[in-house]
Amino acid sequence: MCQSPLHPFLLKLPKCEHHIHLEGALTPQLVFHLANKNAIPLPNLPHYQSPEALAARYEAFDSLDDFLNIHYANMSVLITENDFYELAWSYFRAAYADGVHHAEVFFDPQSHTSRSIPIASVINGYKRALDRAGSELGVTSRLIMCFLRHLPVPSAHATFDSATEFIHDGTIHAVGLDSSEVGFPPELFTDVFRKAKDAGLQRTAHGGEEGDISYIKGALDSLKVDRIDHGIRLIEDRELMKAIAAKGTLLTICPLSNVYLRTTKSIASLPLREFLEAGVQFSLHSDDPAYFGGGILNNYCAVEEAFGFNIDEWKTIAIAGVQGSWIDKARKKALVAKIEDVVCEFISRD
Ligand SMILES: Nc1ncnc2[nH]cnc12
Ligand SMILES: [Zn+2]
């Protein structure tokens, strides 16, 4: 729990999650449990001697790729449909406890199909958890299928084609683009994103995390994305910042992830005040909660401790998250009303 007097408010504030990789919710404990259950040997390295040693290794990430190497190695323990279900359900329970009302969650099919896991096992397992989150917790959700940018482009096309059934029945709502950024420009994926647009899917892409401003521009111009995941390097181009503010494109920022992966020196160095003042819409997220110091609430608290935002500023951030969500007008209206209720309740206490 953070020390801020706003902690109870931040906990209650209704949140929309837009940037969480379900595979990034795989905790060290679950890695060891599933490795044991599925008889998967873990790498013979010092940090795989225990869950505690693995967690300690996460404190020493020095780049996005350093993290991704371990992230992909850990995923090798996910085998059955039920493994994917358990993983996603554990995320939804934690998100609900953090005050999440709506979650748009990423998954990386290629990390599994490349190990001969059928895509249907992955998607059906995740879908069961999404359905349960809706019926038991009242948390609405969307599933976003990401392409791994470090793999050859034809693999992205094959993945898209293999998911046709789940695109047509509405299980997959959107596509995204993740993994190593620098050296894998968004323009490579123009055709597969065009196919996604033609199939009626929403689009987002990681950009401006480690990569420079060209990765944000390319995602907007070539991939026709509605959102940018991370986008913190937008601060380097004031003209583009103005254009993005005018268009209302949402940045899904992950403060603790940026510190863990050394894409920022500290939370206080993130350009959040500049974005707020320029009218750039952004929301705050966990990225990979099992790796980067916890879930969405920890990110809200870390930002509050660094910036001391007031209640009005938090209301602006929470409402930006609702407006940038891929939900209908009625759901948006209901979520904004919930935010206003919590704000009123907290203000009238003083
Ligand atoms: N922060 C991140 N950037 C790119 N790809 C990712 N996959 C999981 N986390 C990621
Ligand atoms: Zn991410």
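Start by selecting H19: this residue is buried, with 30 other C-beta atoms within 10 Å (buried means 20 or more other C-beta atoms within 10 Å of its own, exposed 12 or fewer, partly exposed in between, with C-beta atoms placed from the backbone). You're in a predicted model, where local features need pLDDT of at least 70 and side-chain atom pairs count only at pLDDT 80 or more, while totals for chains, interfaces and linings use all residues. Residues are numbered from 1 along each chain as its sequence is written, and chains are lettered from A and ligands numbered from 1 in the order in which they are written.

H19 sits in the loop between strand 1 (15-17) and helix 2 (28-38); helices (H or I, at least four residues) and strands (E, at least two) are DSSP runs, numbered from the N terminus. Leaving out residues up to four places away in sequence, H19 touches D229, T252, C254, H285 and D287, where contact means C-beta atoms, placed from the backbone, within 7 Å.

Next, add H21, H206 and D287 to H19: an unreviewed UniProt entry lists these four under "binding site", in the numbering used here, with shortened feature names and annotations that may be inferred rather than shown by experiment. They span 269 residues in sequence, yet no two of their C-alpha atoms are more than 11.7 Å apart, so they gather at one spot.

Click on H206, which lies in strand 5 (residues 202-207). H206 is buried too, with 29 C-beta neighbours inside 10 Å. Its contacts, again not counting residues up to four places away in sequence, are L177, D178, E181, D229 and H230.

Now show the strands. There's an open sheet of eight, in the order 1-2-3-4-5-6-7-8, with parallel pairing (strands pair if DSSP finds at least two bridges between them). Strand 1 and strand 8 (282-284) are the edges, each pairing on one side only. Strand 4 (residues 174-178) and strand 5 pair in the parallel sense over two bridges, and A174 has Q202 in strand 5 as its bridge partner. Helix 10 (residues 190-198) packs on the sheet, touching strand 3, strand 4 and strand 5, and its direction makes about 150° with that of strand 5; axes are lines fitted to C-alpha atoms, for helices over the stretch in contact, and angles run from 0 to 180 degrees between N-to-C directions.

Last stop, helix 7 (residues 119-137). Its buried residues include V122, Y126 and L130, and their cover includes helix 5 (81-97) and strand 3 (140-148). G138 follows helix 7, with a positive phi near 70°.

How values were computed: The expected span of a helix is 1.5 Å times one less than its number of residues. Two residues are in contact if their C-beta atoms, placed from the backbone, lie within 7 Å.
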